[in-house]
Amino acid sequence: MTIGREYITIVEIDVDFCDLTFGSAPCTAALSSTVARKCFNTRATCKDLANIDLGTLTLRFAGNQSGLPKGQTIFPALKSVSERAGEINLSGLDDRTSALGKRASVTVQMQDFTYHDTLTDKYQSERVSGAAQQSGVGYDPAAQGTFFGRLRARWPHWYGRALRVKRGLVGQALAAMETEHYVLTDWKGPDAKGAVTFTAKDVLKLAEDDNALCPAPSNGVLAEAITIDATEATLSPSGIGDAEYAASGRVCIGSEVMTFTRLGDTLTLTGRGVDGTTAAAHSADDSAQECYHVSNAVIPDVLEELLVTYAGISSGFIPTADWTTENHWTTGFGLTTTITRPTAVSKLIGEICQLGVSVWWEPTAQEIRYRPNRPLEADETFYQITDAANILEGSGQVEVSEGQRIGSIYFWHGLIDPTDSATDGNNYRKAVVVTSSAAANYETSAFKEIYTRWFGPNGSDAVAATIAERLISRYERAPLTIQMDLDIKDRDSVRIGDLVQITSRLIQDDAGGGDAHTAQVKYVKPGAAKITIKAETYDIEGRFCYWMTDASGLPDYDTATDEDKFDGAFWFDENETDFGDGTTAYIWF
């Protein structure tokens, strides 16, 4: 089939669906006085949960139109799809939204319908004959109930499951269509008129759920009291050790953190009063909460563990190699902390984002992206956006984000007691103060406090100062948020999170000319003939570089190539002002 110009939208929903057959090994289910009918291969209807083997049944829906892909069951029940683009909270500094920004969301309207159940029920013919019922009495599925009414009863565990929106053209293969990934967060209907509404959000919604906690809540308690110098403790109820606790780690009882190894329900306490806490006696039935602990861990590894292990997000959405590449901007920023109570994953990620990193969902690549606060890489270039080439006539507005300006930072670090408040300066050993050289130009101080438990009990003045200086370098002037409509040709070149350079009459210099500004795209909303973007100015000025390896044969500045000068760092005498060719000194970022 040739590809036409008529657009198609297809919505896919993944249903948990058991791959086994009722009564066939390893499934041991059988019709009986207590099992009136065969299951519908979902968890809620399973008659042998010990052997359930869940796979995926993908349901597809489209509008009632011709030209849909062949070889697929696509239900013509789709009435409308409306989307809201996501927005990044750059460096987690905008307190008007969560540290993970605003979630991208989609609302899907469907119309319920009667259906014979052939795709959704392995035993459809046996329902008709009666062989699937203990009574032997058959029924016609098409005459009993409706598609969405039955699906909701069979599949109550839909929250957080995958929903995809595919957009393409008549004649285009499903696999070639552009796909946006979401997770289900709400399901209304069917109502009296058969209306059904699904709401879904991008996968980072899972990190914002109330159940996304780190560490996971522990249900164990002390079976008996322990003394201040005890080296062993027993957990209760019986079996809780193997069910919920690691073979070794940290546990918090009362206000004391202990290290342990475990065998069954018995904890061998290898360290008492660790991480700045004080050893104490504890009573029977005191809660024993396992802790989350990292030591000198790199930022991407901690973020990935929080997202995958504790928020339940698939690791397939994390481009690990890209995250590792980005991490050279935070080399030496080792994270060390102990989290003693179940804490929202979104809160912990927000604390890490305050260290000058951003995390966001990129809907086209279907990836969770990560980027530290940094200038361009050596091999990066800006996508140029201008009035003449890109910005649609009559669109565009500029907002001064004064609330994000930073004149000085008071950076608390070196947490004293991990069982106490992480946002109280009295619970920190150290503070670094960094003030912008431009602060005196403003009437207000734009003072910001940052509290971080992530640099261990001793803290790190060097790392805290580096982070504070980077943040001030970016935010010492109030950033501008620029919203504009771009020509549809720019869709593949401007993605959320990208760095761009904008030259427009929207941002004029002091002589009234169009002033070029570096900006980071924080919002992209695609349309049929245009895209709407928001970008925040990103004016980190200077000549940035990497330290070169300590090896023989490296050139000096006069004999270095342009690539050497861009990638590496060179020194000149402290009495000089430039390299002799008019170029200025490098900046250690």
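## Strands β7 and β8

Strands β7 (residues 178-188) and β8 (residues 195-201) run antiparallel and are joined by five bridges. One of the pairings involves K188, whose bridge partner in β8 is T197. The model is predicted.

## The eight-stranded sheet

β7 and β8 belong to an open sheet of eight strands. The order is β3-β2-β1-β6-β7-β8-β5-β4, and the pairing is mixed. The edges are β3 (74-75) and β4 (78-84). Each has a single partner strand, so one side of each is left without a neighbour in the sheet.

## Overall dimensions and content

The protein has 589 residues, and 50% of them count as buried. Its secondary structure comprises nine helices and 29 strands. The C-alpha atoms fill a box of roughly 100 × 75 × 50 Å along the principal axes.

Sequence-distant contacts are well represented. Take the contacts between residues at least 6 apart in sequence: 69% of these join residues at least 24 apart.

## Nonpolar cores

The largest nonpolar core holds 71 residues. Within this core, I368 and F411 touch the most other members. Helix α8 (residues 461-475) supplies the largest share, eight residues. A separate core has 28 residues, including L57, M110, F148 and L184.

F411 has contacts beyond its neighbours within four places in sequence. Its partners are L355, K430, A431, V432, I450, T452, F455, A464, I467 and A468.

## Helix α7

Helix α7 spans residues 345-353. Seven of its nine residues are buried, so the helix is largely enclosed by the rest of the structure. The buried positions are V345, L348, I349, G350, E351, I352 and C353.

These buried residues pack against helices and strands alike. The helices are α3 (205-208) and α5 (299-310). The strands are β9 (213-214), β17 (335-339), β18 (343-344) and β19 (357-362).

## A buried aspartate

D265 sits in the loop between β13 (256-263) and β14 (266-271). This residue is buried yet has no salt bridge. The nearest side chain of opposite charge is R262, 5.9 Å away.

What does the side chain of D265 reach? It reaches the backbone nitrogen of I240, at 3.3 Å. I240 is also among the contacts of D265 outside its neighbours within four places in sequence. The others are A233, T234, L235, P237, S238, G239, G241 and D242.

Definitions and conventions:
Residues are numbered from 1 along each chain as its sequence is written. This is a predicted model: local features need pLDDT of at least 70, side-chain atom pairs count only at pLDDT 80 or more; totals for chains, interfaces and linings use all residues. Side-chain values use heavy atoms; hydrogens and water are left out. Two strands pair if DSSP finds at least two bridges between them. Helices (H or I, at least four residues) and strands (E, at least two) are DSSP runs, numbered from the N terminus. A nonpolar core is a set of buried Ala, Val, Leu, Ile, Met, Phe, Trp, Tyr and Cys residues joined through side-chain atoms within 4.5 Å. Buried means under 20% relative accessible area, exposed over 50%, partly exposed in between (1.4 Å probe, protein chains only). Contact means heavy atoms within 4.5 Å. Lys and Arg count as positive and Asp and Glu as negative; His and the chain ends are not counted. A salt bridge is a side-chain nitrogen of Lys or Arg within 4 Å of a carboxyl oxygen of Asp or Glu. A polar contact is a pair of N or O atoms within 3.5 Å; within protein, one must be able to donate a hydrogen and the other to accept it, and residues adjacent in sequence count only if both atoms are side-chain atoms.
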